[in-house]
Amino acid sequence: MGKKHQPSGEMFKGTLDMMVLRTLVAGDAHGHTVAKVIERSSADVLEVEQGSLYPALHRLEDRGWVTSYWGASENNRKAKFYRLTAMGRKQLTLQSTRWRQMTRAIALVMGDRTLVEGAGE
């Protein structure tokens, strides 16, 4: 077990955007930190590849959900930091609501009554 798994396909693309926005709620961060927070928060089940992360960050920036600026990382190297915008916070709320509805619906189909009962709160 112990191996990381990376979901693939369009669903992961949308959930990656949501997870990046969620990570930035805690404060500005550079890409490497965003990836590590997602990995740690998922109990190391999800692995965020640079080939997925940076396109997601650029996509979020293009949509106005995050902004970026250059700063110094923990080891004093030049790094691009990302900041959640007010529009990004609204989008995170919308996506989180949709995510909960979708996971509840999938749980219903899969017969997982525990998840369904807990999702209605």
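**Figure 1. Just past helix H2, Ala43 has a positive phi.** In this predicted model, the residue to look for after H2 is Ala43, with a phi near 55°. If you are checking backbone torsions, this is a good place to start your tour: Ala43 follows H2 and its phi is positive.

**Figure 2. Helix H2 has a buried side and a face turned away from it.** Five names make up the buried set of H2: Gly31, Val34, Ala35, Ile38 and Glu39. Around the axis they span an arc of only 130°, so they sit on the same side of H2. On the face turned away from that buried side you will find Arg40 and Ser41, both exposed.

**Figure 3. Within H2, Glu39 and Lys36 form a salt bridge.** The closest N and O atoms of Glu39 and Lys36 are 3.2 Å apart. The two residues are 3 apart in helix H2, which means that about one helical turn separates them. Their surroundings are worth a look too: Glu39 counts as buried at 4% relative accessibility, whereas Lys36 is partly exposed, with a relative accessible area of 34%.

**Figure 4. The largest nonpolar core brings together residues from helices and a strand.** This core has 20 residues, and the members that touch the most others are Val20, Leu21, Leu24, Val34, Ile38 and Leu53. At least two residues come from each of helix H1 (10–24), helix H2 (31–41), helix H3 (50–62) and strand S3 (78–84). The top contributor is H1, with 5 residues.

**Figure 5. Leu24 and its partners beyond the local sequence.** Once neighbours within four places in sequence are set aside, Leu24 is in contact with Ala29, Val34, Val66, Tyr82 and Leu84. Leu24 is also one of the core members that touch the most others, as is its contact partner Val34.

**Figure 6. Thr23 in helix H1 meets residues of H2.** Thr23 belongs to helix H1 and is buried, its relative accessible area being 13%. Leaving out neighbours within four places in sequence, its contacts are Val34, Val37 and Ile38. Two of these names, Val34 and Ile38, may be familiar from the buried residues of H2.

**Figure 7. A buried salt bridge joins Asp17 and Arg59.** Here the side chains of Asp17 and Arg59 meet at 2.7 Å, N to O. Asp17 is in helix H1 and Arg59 is in helix H3, so this pair ties together parts that lie 42 residues apart in sequence. Both Asp17 and Arg59 are buried. Widen the view to include Arg63, and you have a network of salt bridges linking Asp17, Arg59 and Arg63. In the structure as a whole there are 4 salt bridges.

**Figure 8. Arg83 and Asp28 form a salt bridge between distant parts of the chain.** The closest N and O atoms of Arg83 and Asp28 are 2.7 Å apart. Arg83 lies in strand S3, while Asp28 lies in the loop between H1 and strand S1 (29–30), and the two are 55 residues apart. Each is partly exposed: the relative accessible area is 40% for Arg83 and 31% for Asp28. As a friendly reminder for this view, side chains of opposite charge can pair when their charged atoms come close.

Terms used. Residues are numbered from 1 along each chain as its sequence is written. This is a predicted model: local features need pLDDT of at least 70, side-chain atom pairs count only at pLDDT 80 or more; totals for chains, interfaces and linings use all residues. Side-chain values use heavy atoms; hydrogens and water are left out. A nonpolar core is a set of buried Ala, Val, Leu, Ile, Met, Phe, Trp, Tyr and Cys residues joined through side-chain atoms within 4.5 Å. Buried means under 20% relative accessible area, exposed over 50%, partly exposed in between (1.4 Å probe, protein chains only). Helices (H or I, at least four residues) and strands (E, at least two) are DSSP runs, numbered from the N terminus. Contact means heavy atoms within 4.5 Å. The arc is that of the directions from the helix axis to the C-beta atoms.
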